[in-house]
Amino acid sequence: MIVKFFRRGKGSGVGPINYLLVAKGGKPREGAKVLYGDPKLTEQLINATPFKQKYKAGVLSFTEDAKEFTDEQKKDIMQRFEDTLFTGLDPDQYDILWVEHTDKGGRLELNFVIPCQELRSGKRLQPFYAGADLVRVNAFKNIINQEYGWTDPNEPERKRLINPYVNNAPRPTPYDRPPKSKEKEQEKEDNEIIAKPESTFALKAAIDRRMWHRLAEGSLNGRSSVLYALESMGLTIKRATNSSISVAHPAMTRNVRLKGTIYEKDFKALSQQAHLIEGRQGDYERTSESRGHRDLKTWTKGMEIKKAYHQELYGDIKAPEPLDLGIKDVVSMEQSQDATPRVDTPAPQRSYNGPRP
């Protein structure tokens, strides 16, 4: 399982709701199912939110088939995710819509949409801010994956040689090597992009392709050869950490961060890569128990900090008392004037089919 928060959140409520439930042509989206919440209510709350960031949306994405999950497992995951985001808040202080998707090869996706408003006070609610919440949410992800035995995205064997998901790239895709007849044309195009880049995204994609090509040629065999290759493209090395390299281009105001196995400090030749990954995988599996304890400690500490934060913002906001409309007094007067006694019918109780108890 991975947890992903989408960047969008400034439009009207119809956008995220339609994405989750409506297919092209206005038909219901195949494989979409509301697990908890009211789509219309969530849409209206988003539209009524006066803040610039009107909603936060994301997904809990699994590699496993949806048929492998029971309803109780889904409820458990959703409830614990809500607890992780909203610790210290009561259920009536926020709204969340959960929609299941199974249209991507049958694997399970649990999508969520949250209006960015605390419902009792109308104050701004920020469900997720990476600087404050990412460590805690990652710990939650690791705990759930280990507890249920689901796919762990942190396993060394799942590491990319080149990671396109940096520099705020909009939906990047891994590099697919073109046919040999087009390799020279692609190489020329990449060289032109690197010489005169139009954007950070285009520059990074061109660099990754050139580095992938050099890797395939066998000209990269360690960190020093990687740095040399980058400098030969006219780039300046600004920072080299254990896991990434940041470079500058004369025509760009922002540095470009390069991430992936070939940009790591301990990168070795591709011929040694399988051996390295196998060794790291063994070490990773042996440290499973200690990592579990560390994740639980991190999550618990993060929950304490987030709870205190919520209490500081909303702690003085109490749940509204039931309205006293004087109905009992009116009924008593009518009954005293009417020989036939009247019976008050109790109000229907709201039923939740979702993750909350």
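## Notes on a first look at this predicted model

1. Let's start at Lys104: with a relative accessibility of 32%, Lys104 counts as partly exposed. Keep in mind while reading that this is a predicted model. The partner to look at is Asp103, which forms a salt bridge with Lys104, the closest N and O atoms being 3.8 Å apart. Asp103 is also partly exposed, at 36% relative accessibility.

2. How far can you trust the chain? The average pLDDT is 82, and 76% of the residues score at least 70. Confidence is highest in strand E4, at 98, and lowest in helix H8 (residues 273–286), where the mean is 53. Two stretches call for some care. Residues 167–180 have a pLDDT below 50, and this stretch has 21 contacts in the model beyond near neighbours in sequence. Residues 339–357 are also below 50, with 22 contacts counted in that way. I'd read those contacts with the low scores in mind.

3. Now for the inside. The largest nonpolar core holds 29 residues, and the members that touch the most others are Leu60, Phe62, Phe81, Trp98, Leu110 and Phe112. Which elements give two or more residues to this core? They are strands E2 (32–36), E3 (55–65) and E5 (107–115), along with helices H3 (71–86) and H4 (130–148). Helix H3 gives the most, with five residues. Apart from this core lies another one of 21 residues, with Leu203, Ala206, Val256 and Tyr263 among them.

4. Back to charges. Side chains of opposite charge can pair when their charged atoms come close. Searching the whole structure turns up 14 salt bridges. One of interest joins the side chains of Glu109 and Arg107, at 3.3 Å from N to O. Are these two buried or exposed? Glu109 is buried because its relative accessible area is 7%, under the 20% cut-off. Arg107, at 25%, counts as partly exposed.

5. Another pair worth finding is Arg209 and Asp190, whose closest N and O atoms are 3.0 Å apart in a salt bridge. This pair links distant parts of the chain: Arg209 sits in helix H6 (residues 200–217) and Asp190 in helix H5 (residues 180–195), 19 residues apart. Both ends are tucked away from the surface by the numbers: Arg209 counts as buried at 18% relative accessibility, and Asp190 counts as buried at 2%. Elsewhere, salt bridges that share partners join Arg29, Asp103, Lys104, Arg107 and Glu109 into one network. That ties the pairs from points 1 and 4 together.

6. Where is Lys306, and what does it touch? Lys306 is found in helix H9 (residues 288–314). Leaving out residues up to four places away in sequence, Lys306 touches Leu85, Thr87, Gln126, Asp133 and Arg136. Lys306 has a relative accessible area of 7%, so it counts as buried. It's a good spot to zoom in on if you want to see what surrounds a buried lysine.

7. Last stop: Ile96. This residue is in the loop between H3 and strand E4 (97–101). Is Ile96 buried or exposed? At 1% relative accessibility, Ile96 counts as buried. Look across to Pro39 as well: Ile96 and Pro39 are 57 residues apart along the chain, while their C-alpha atoms are separated by 9.3 Å.

Methods
Residues are numbered from 1 along each chain as its sequence is written. This is a predicted model: local features need pLDDT of at least 70, side-chain atom pairs count only at pLDDT 80 or more; totals for chains, interfaces and linings use all residues. Side-chain values use heavy atoms; hydrogens and water are left out. A nonpolar core is a set of buried Ala, Val, Leu, Ile, Met, Phe, Trp, Tyr and Cys residues joined through side-chain atoms within 4.5 Å. Buried means under 20% relative accessible area, exposed over 50%, partly exposed in between (1.4 Å probe, protein chains only). Helices (H or I, at least four residues) and strands (E, at least two) are DSSP runs, numbered from the N terminus. Contact means heavy atoms within 4.5 Å. pLDDT is the predictor's confidence in each residue, from 0 to 100.
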